[in-house]
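Trainee: Could we go through this one together, starting from the core and working outwards?
Mentor: Sure, pull it up and ask away.

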Amino acid sequence: IIGIEVLRFKNQADLLAGLERMVKENKIRNAVILSGIGSVRSYHYHTVSNGAFPSRNIFVKNHAGPADIVGMNGYVIDGRVHAHITLADPDKAFGGHLEAGTSVFTFAVVTVGVFKDGIDLSRVDDKNYR
């Protein structure tokens, strides 16, 4: 890791769109998402729903679902954000692959470790590579 970026998002920001915009503005090509905290007022994520290939996804969307962000991880792969989020409400923790439509409530902070140029992450999320 050659540097750390701390990205902050304010009320009503779309978390995924904000991440994508800041990655582009900061010219981040390859990175690891180290952590995320904050809260959301609505969320949208997907998770796998089966255990055999081909994989199938279930999309979970709650337009009025406040929750705390208790964790975030993932990668920036050649400028593309692949983020997973863990959320919690008073009853449970839940989450999956971050989708558009997750709206920040109080704030969100995402910490990213930026890799040096030349690292190849192209197969990190390749379902066919084993």
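Trainee: Which residues touch the most other members of the largest nonpolar core?
Mentor: Keep in mind that this is a predicted model. The largest nonpolar core has 28 residues. The elements giving two or more residues to this core are β1 (3-10), α1 (15-25), β2 (31-48), β4 (67-77), β5 (80-88), β6 (93-98) and β7 (103-114). In general, nonpolar side chains tend to be buried together in soluble globular proteins. As for the members of this core that touch the most others, they are F9, L15 and L19.

Trainee: What does F9 touch, not counting residues up to four places away in sequence?
Mentor: Take F9 as one of the residues with the most contacts to other core members. Leave out anything up to four places away in sequence, and the list for F9 is L15, G18, L19, M22, V104, F107, A108 and V110.

Trainee: In what order do the elements of the chain run from the N terminus on?
Mentor: Count them before ordering them: the chain has one helix and seven strands. Read from the N terminus, the order is β-α-β-β-β-β-β-β.

Trainee: How does the radius of gyration of the chain compare with what the globule rule gives?
Mentor: For 130 residues the globule rule gives 14 Å, and the chain comes close to that, so it is as compact as a globular protein of that length. The C-alpha atoms fill a box of roughly 45 × 40 × 20 Å along the principal axes. The radius of gyration itself is 15 Å.

Trainee: What share of the residues counts as buried?
Mentor: Start from the outside: the accessible surface of the chain comes to about 7,700 Å², and 52% of that belongs to carbon and sulfur atoms. Buried here means under 20% relative accessible area. Of the 130 residues, the share that counts as buried is 41%.

Trainee: Among contacts between residues at least 6 apart in sequence, what share joins residues at least 24 apart?
Mentor: One ring pair gives a feel for such links: Y43 in strand β2 and F94 in strand β6 are 51 residues apart. Over the chain, the share of those contacts joining residues at least 24 apart is 70%.

Trainee: Which residues do ring pairs link into a cluster?
Mentor: The count of aromatic pairs comes to three. Y43 and F94 form a tilted one, with 5.0 Å centre to centre and 50° between the planes. Y45 and F94 form another tilted pair, at 6.1 Å and 35°, and this one joins strand β2 to strand β6 across 49 residues. Y43 and F94 are buried, Y45 is buried as well, and the cluster is Y43, Y45 and F94.

Trainee: Which backbone nitrogen does the side chain of N50 reach?
Mentor: N50 sits in the loop between β2 and β3 (57-62). A polar atom of its side chain lies 2.7 Å from the backbone oxygen of A52. Beyond its neighbours within four places, N50 is in contact with S55 and R56. The backbone nitrogen that the N50 side chain reaches, at 2.9 Å, belongs to R56.

Trainee: Is N73 buried, partly exposed or exposed?
Mentor: N73 lies in strand β4, and its contacts beyond four places in sequence are I33, H82, A83 and H84. The cut-offs are under 20% for buried and over 50% for exposed. N73 has 44% relative accessibility, so its class is partly exposed.

Key
Residues numbered from 1 in each chain as written. Predicted model: local features only at pLDDT ≥ 70, side-chain atom pairs only at ≥ 80, totals over all residues. Heavy atoms only, no water. Core = buried A, V, L, I, M, F, W, Y, C linked by side-chain atoms within 4.5 Å. Buried < 20%, exposed > 50% of the residue type's maximum accessible area, 1.4 Å probe, protein only. Helix = DSSP H or I, 4+ residues; strand = E, 2+ residues; numbered from the N terminus. Contact = heavy atoms within 4.5 Å. Polar contact = N/O pair within 3.5 Å; in protein donor to acceptor, adjacent residues only side chain to side chain. Rg over C-alpha atoms; globule rule 2.2 N^0.38 Å. Areas by Shrake-Rupley, 256 points an atom, 1.4 Å probe, with all protein chains shown as cover. Phe/Tyr/Trp six-rings, centres within 6.5 Å; stacked < 30°, edge-to-face > 60°.
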